[in-house]
Amino acid sequence: MLQPFIHILNAQRNILASGSPRRKQILENVGLNIEVIPSTFEENLDKSKFTPEEYVLENARLKTLEVAGRLSGNQTIPDLIIGCDTVVFLGSQIIEKPRDKEDAVRILSKLSGKSHSVYSGLTLFVPAHSQVIKTGSPALESKYRFTGFVERTDVFMTELSQDVIESYIATGEPMDKAGAYGIQGIGGTLVEKIHGDNFNVMGFPLPRFAKEIAKIYSQK
């Protein structure tokens with residue numbers, strides 16, 4: 001989906017508003033030149049006021065908006081700013097990254113033997129002439145427009161013994177990941193099966209991203 005437009009994308013300035021090395025690697029693996037400018041937005045939204053879809057999309061929008069605001073004073077604004085947020089949803093609870101090792105034990109014990117859903121919200125900011133959807137920030141209306149979407153993947157976790165949980169946490173892998181596991185690494189051995197996009201569980205819904213990029217750049 002990206003290949004017809006990759007030469008256009010790589011002739012412009014593309015910003016990833018996230019410090020996630022996994023997201024950067026996913027984009028680079030498909031040949032996209034990307035510059036990382038992590039957002040400093042403090043993720044302090046009241047989870048009780050949002051559905052999982054609303055929560056990740058609003059976090060992604062605000063992360064991207066913060067970076068766009070910092071760059072808006074530049075003479076040449078970026079051609080594309082990409083923001084993303086990913087959470088795990090179990091029952092009625094939104095689960096993000098573990099606070100510490102004890103929290104990782106609690107999270108993985110909850111996920112053990114159950115299915116959960118991974119939601120990623122992704123926003124794409126482009127120069128104002130490229131889109132008609134508003135950013136929600138009047139100060140940036142003349143420079144940027146954005147499009148946003150949410151992707152969901154259902155993950156079925158195998159039964160995890162306490163020994164498996166503690167051994168996995170000892171690797172350090174779970175500590176910077178929503179749901180306290182990384183499907184692309186050792187955490188993949190804890191997953192029985194998934195329904196949906198594997199990239200989404202890694203934190204970046206690549207196929208949907210490619211489709212949305214194709215929509216934007218086919219209109220240019």
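In what pattern do helices and strands follow one another along the sequence of this chain? Read from the start, the order is α-β-α-β-α-β-β-α-β-β-α-β-α-α. That comes to seven helices and seven strands. The radius of gyration is 18 Å against the 17 Å that the globule rule gives for 220 residues, so the chain is as compact as a globular protein of that length. Before I go on: this is a predicted model.

Some overall figures next. The C-alpha trace spans about 55 × 35 × 25 Å along its principal axes. Of the 220 residues, 53% count as buried. Among contacts with a separation of 6 or more, 70% are between residues 24 or more positions apart. The accessible surface is about 10,200 Å², and carbon and sulfur atoms make up 51% of it. As for charge, there are 25 positive and 26 negative, and the mean positions of the two sets lie 5 Å apart.

Now to helix 7. This helix covers residues 206-218, which is 13 residues. From first C-alpha to last it reaches 18 Å, close to the 18 Å expected at 1.5 Å a residue. Which of its residues are buried? They are L206, F209, A210, E212, I213, A214, I216 and Y217. Note that E212 is on that list. An α-helix has 3.6 residues a turn, so residues three or four places apart point the same way. On the list, L206, F209 and I213 are examples to look for on screen.

What do these buried residues pack against? The helices are helix 1 (6-9), helix 2 (21-29) and helix 6 (198-202). The strands are strand 3 (80-90), strand 5 (115-127) and strand 6 (144-157).

Strand 6 brings me to a single residue, V155, which is found there. V155 is buried, with a relative accessible area of 0%. Leaving aside neighbours within four places in sequence, V155 is in contact with K114, S115, H116 and V118, and also with Y181, V191, K193, I194 and V201. F125 is another matter: 30 residues away along the chain, its C-alpha is separated from that of V155 by 30 Å.

Last, A180. Where does A180 sit? Its place is in the loop between helix 5 (162-170) and strand 7 (191-195). Phi of A180 is near 65°, a positive value in a residue other than glycine. Is A180 buried or exposed? At 0% relative accessibility, A180 counts as buried.

Technical notes: Residues are numbered from 1 along each chain as its sequence is written. This is a predicted model: local features need pLDDT of at least 70, side-chain atom pairs count only at pLDDT 80 or more; totals for chains, interfaces and linings use all residues. Side-chain values use heavy atoms; hydrogens and water are left out. Helices (H or I, at least four residues) and strands (E, at least two) are DSSP runs, numbered from the N terminus. The expected span of a helix is 1.5 Å times one less than its number of residues. Buried means under 20% relative accessible area, exposed over 50%, partly exposed in between (1.4 Å probe, protein chains only). Contact means heavy atoms within 4.5 Å. The radius of gyration is taken over C-alpha atoms; the globule rule is 2.2 Å times the number of residues to the power 0.38. Accessible areas come from the Shrake-Rupley method with a 1.4 Å probe; for residues, only the protein chains shown count as cover. Lys and Arg count as positive and Asp and Glu as negative; His and the chain ends are not counted. The place of a charge is taken as NZ of Lys, CZ of Arg, CG of Asp or CD of Glu.
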